[in-house]
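Visitor: I am new to protein models, and whole chains overwhelm me. Please choose one part and go through it slowly with me.

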Amino acid sequence: AAFHPPASTPMQSSAFHPPASTPMQSAAFQPPAPPNLQQVQQGFSHMSMNAQPTVPQHINSSWGVPHPQDSRLTTQMQTPDLIDLISERNVLQLGFDDNEYVLPHNMANNAARVDPCVFRCTLTMVPQTEELLKKSRLPFGLTLHPFRDMKNLNIIQTSTIVRCRYCRTYINPYVYLPDSRHWKCNLCNRNNDLPDDFCWDPNTKSFGDPVNRPEIKHPTVEFIAPNEYMLRPPQPAVYVFVLDVSAAAVEAGYIYTFSEQLLINLDQLPGDERTQVAFVCVDSMVHFYQFSSGSRRLPRELIVDEVDEMFLPAHQGILIPLRKNADVVRAFVEKLPVLFEHAKSSSNCLGSALKIVHELIAEIGGRVTVFQASIPNIGPASLKPREDPNQRAADEVQNLGPVTDFYKCLALECTGHQVALDLFMLNSQYADLATLSEMAKFSTGCVYHFPNYHCLNDTVQVKRFEKILTRYLTRKIGFEAVLRIRCSRGLSLSAFYGNFFVRSTDLLALANVNPDSAIAVQVSMDEKLSTTACFQAALLYTSSKGDRRIRVHTMCLPTTADLAQVYSNFDLKATISLIAKIGVDRSMSGSSLADCREAIVNAVIDSLGAYHKTMRQGRPGGLLVPRRGHLRLFPLYALAMLKHTSFCAGRSVKLDDRVAAMLMLRFCPLEQILSEFYPQLYRLNEILQFEDGKWPSALPLSFEYVNREGIYLIEAGSAIYIYLSSHSDAQLVQDLFGCSYYQIDETSFRIYDNPFSGKVHAFVRHVTALKFYLGPVIIVKEDSAVREAILRRFIDDRTESNHSYDDSSEHFNKFRLLADQTEVLFVSCVCH
């Protein structure tokens with residue numbers, strides 16, 4: 001509820017209010033006995049617990065023995081349908097499964113369910129009225145992963161795409177079919193005619209039941225669009241690579257990895273015979289490469305040093321067909337690392353290069369990939385360092401937003417010409433990522449950050465760059481796309497979050513679309529709903545092969561007038577993704593980080609306080625929440641958000657690293673965000689006891705669940721670790737790493753010919769499936785220098801700058817009780 005203003009509205013202090021039940025207008029109404037409200041609020045917002053050491057005090061004792069059955073798992077419950085978050089500390093033991101729901105029987109296919117990884121709502125049972133929604137104090141929004149890689153995607157080629165003639169909804173499983181000639185739209189509730197050929201089955205060459213059509217059987221389908229969906233002939237795949245070749249970039253050595261991976265994957269670049277490529281290098285000048293048509297000679301280098309008045313030095317040969325010139329392109333890419341191996345220029349004119357690259361492909365559209373290792377310091381939009389290293393641990397972080405609108409304006413121009421800009425940052429010094437990232441944020445691009453990249457000194461980042469670049473070069477891509485989201489009568493979309501350009505109230509312009517990006521949407525309720533709430537997302541795009549396609553996702557949810565059902569069907573996974581994207585958007589748009597942290601806290605306080613007030617009728621007790629659903633996990637994940645690099649306070653974080661963490665949350669899909677906030681911890685010692693297809697369950701992120709003979713896997717969104725100590729089972733260590741504990745190095749984790757090694761590697765593949773931002777497995781020993789990195793991942797434990805989960809639960813409850821008492825006193829004073 002603390003996140004209701006639209007994205008276009010600058011966040012003001014009133015938007016980050018305390019719980020609605022806490023009037024704050026007059027100091028005369030403050031209760032005398034409980035702790036001061038401002039003290040509790042400030043204590044939680046800053047999460048500062050300096051009196052405690054970094055490692056929890058109970059770690060040493062927990063290292064000694066295993067925990068086959070922790071005493072905390074058997075706690076007393078107030079009632080079978082409620083749990084007390086104060087006494088029940090391991091809330092994960094009840095699982096984090098998706099909520100199940102039942103749809104009415106009067107629709108064409110009430111058994112169809114959209115993949116929740118693609119489309120989901122923060123409420124799997126939607127309140128029927130706005131009053132009930134406000135009473136719940138729960139966020140209402142959507143997360144959408146529109147171009148996600150999908151197995152068994154139903155592709156339909158038909159001369160007639162059936163749509164509602166009133167609201168233009170695509171026919172879907174949730175429509176009403178009174179007979180084989182008519183259908184009733186599930187969004188606007190109006191009647192439509194079914195075309196004759198809709199019931200025609202080409203396999204049996206006879207008319208059949210319309211419920212057998214793929215549009216009715218599946219909530220996600222993809223149409224090959226007819227000519228009426230094309231404003232111009234489908235564009236070819238166009239790829240332009242812009243490479244930083246300044247002295248800092250050459251020293252980092254990223255060009256060697258880029259060249260190697262591009263050579264390996266050049267034939268896998270999505271496209272057809274029309275695919276075109278170009279290469280531009282940037283230092284104090286802009287270097288173009290002109291290829292001769294049909295020639296096997298290396299291209300001619302054309303250098304333009306007029307950085308303030310940049311121009312194209314030639315109109316032919318810079319952008320060339322890839323397939324016809326594959327051999328010479330390969331030869332050029334292979335030689336690229338040595339062209340600048342003696343570079344000495346410390347300057348970079350990226351702004352000049354991007355303006356002219358935009359001009360190069362403006363008439364066609366395509367994708368521009370920028371590799372940057374230094375701050376652009378000459379030419380248009382030249383930048384200067386803004387970071388104060390002494391303020392990295394400050395409660396209020398400055399310079400999270402851009403210093404100039406040059407890159408935003410450029411991105412908007414590019415979007416208008418169907419050009420997207422992606423950014424790979426490989427800097428070791430401050431490079432003002434907050435400003436440079438604007439090129440990707442408003443052109444449907446992505447930002448990938450590899451801090452302190454060096455080809456010799458940081459093999460982890462090198463391997464991560466290799467993996468992410470390979471995925472980037474070979475993944476599916478859609479060009480000149482638009483995305484429209486429709487919803488049931490009575491609902492409207494109030495704000496969008498992600499990397500795109502909003503063209504109208506329900507239409508997003510996406511110059512490119514890729515399978516690794518997602519968005520979030522806030523939903524408003526305008527009038528009373530019927531028995532269901534429906535949402536439909538339609539993505540119109542041009543494939544790399546030149547097809548115009550429409551991918552349609554439809555989600556239907558039941559509605560309810562029962563507030564208890566609303567709380568029991570709260571979807572925390574969608575909520576965390578939504579809140580994270582909202583918080584990032586506001587933090588990078590000028591709002592203070594402290595306000596965003598406070599808003600995260602208030603979102604939890606609002607929902608728990610409203611539940612206690614309405615469902616418990618204010619009866620005394622602990623912090624009670626329904627056992628069913630996800631509300632019990634809200635405080636845990638809120639704490640995890642406050643500890644994350646993007647929102648943390650009191651911990652020294654480089655400005656570019658914090659901005660990069662925020663940008664990841666801005667465009668990444670739900671699974672990535674959940675793992676970033678609350679990593680998955682698995683014990684591997686007993687993995688051979690599991691049957692095929694069965695895997696260990698995740699443990700709470702506390703060192704109370706870690707013992708010294710154990711070997712643990714930690715999947716943390718953008719990193720994956722194996723953690724062990726010198727007391728870990730020696731035989732398992734030998735089987736997994738092929739050597740003893742003291743001989744383990746960064747290359748030791750590879751497949752060996754034994755069951756334990758094979759099973760662990762299979763489990764790693766299972767855990768990391770569809771998570772493309774992970775680097776290689778990092779081995780962390782108890783005396784390792786990187787041990788501190790995983791200590792911060794143990795969310796449940798207390799550190800010197802953050803509460804533990806137990807502390808946070810107590811604070812949430814004190815804040816809720818204080819809010820309740822404040823309201824009672826306020827009402828009492830008003831009545832008398």
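Guide: What follows is a close look at helix 6, with some background first and a few single residues afterwards.

This is a predicted model, in which local features need pLDDT of at least 70, side-chain atom pairs count only at pLDDT 80 or more, and totals for chains, interfaces and linings use all residues. Residues are numbered from 1 along each chain as its sequence is written, and side-chain values use heavy atoms, leaving out hydrogens and water.

Let's start with the setting. The protein chain has 22 helices and 31 strands; these are DSSP runs numbered from the N terminus, with H or I and at least four residues for helices, and E and at least two for strands. Of its 832 residues, 60% are buried, where buried means under 20% relative accessible area, exposed over 50% and partly exposed in between, with a 1.4 Å probe and protein chains only. Contacts (heavy atoms within 4.5 Å) often bridge long stretches of sequence: among those between residues at least 6 apart, 77% join residues at least 24 apart.

Now to our helix. Helix 6 covers residues 254-265, and it packs against helix 7, residues 326-339, at an angle of about 160 degrees with the axes 8 Å apart. That angle makes helix 6 roughly antiparallel to helix 7; the word applies over 145 degrees, while under 35 is roughly parallel, 65 to 115 roughly perpendicular and the rest oblique. Axes here are lines fitted to C-alpha atoms, for helices over the stretch in contact, and angles run from 0 to 180 degrees between N-to-C directions. The crossing of these two helices is left-handed, meaning that the near helix is turned anticlockwise from the far one by less than a right angle (clockwise would be right-handed). On the helix 6 side, the contact uses I255, Y256, F258, S259, L262 and L263, and helix 7 brings R330, V333, E334, L336 and P337. Sorted by class, that contact holds eight nonpolar, one polar and two charged residues. Here Ala, Val, Leu, Ile, Met, Phe, Trp, Tyr, Cys and Pro count as nonpolar, Asp, Glu, Lys and Arg as charged, and the others, Gly among them, as polar.

Helix 6 also packs against helix 12 (residues 459-474), at an angle of about 40 degrees and with the axes 10 Å apart. This crossing is right-handed. Y254, T257, F258, E260, Q261, L262 and N265 of helix 6 meet V462, F465, E466, L469, T470, L473 and T474 of helix 12. By class, this contact has seven nonpolar, five polar and two charged residues. F258 and L262 take part in both contacts.

Beyond the helix, three single residues are worth finding on your screen. E480, in strand 20 (residues 478-487), has a positive phi of about 35 degrees although it is not a glycine, and E480 is buried, at 8% relative accessibility. N399 sits in the loop between strand 17 (366-372) and helix 9 (406-416); its phi is also positive, near 65 degrees, and N399 is partly exposed, at 29%. S492 belongs to strand 21 (residues 491-497) and is partly exposed at 25%. Leaving aside residues up to four places away in sequence, S492 touches C487, Q522, V523, S524 and D526.
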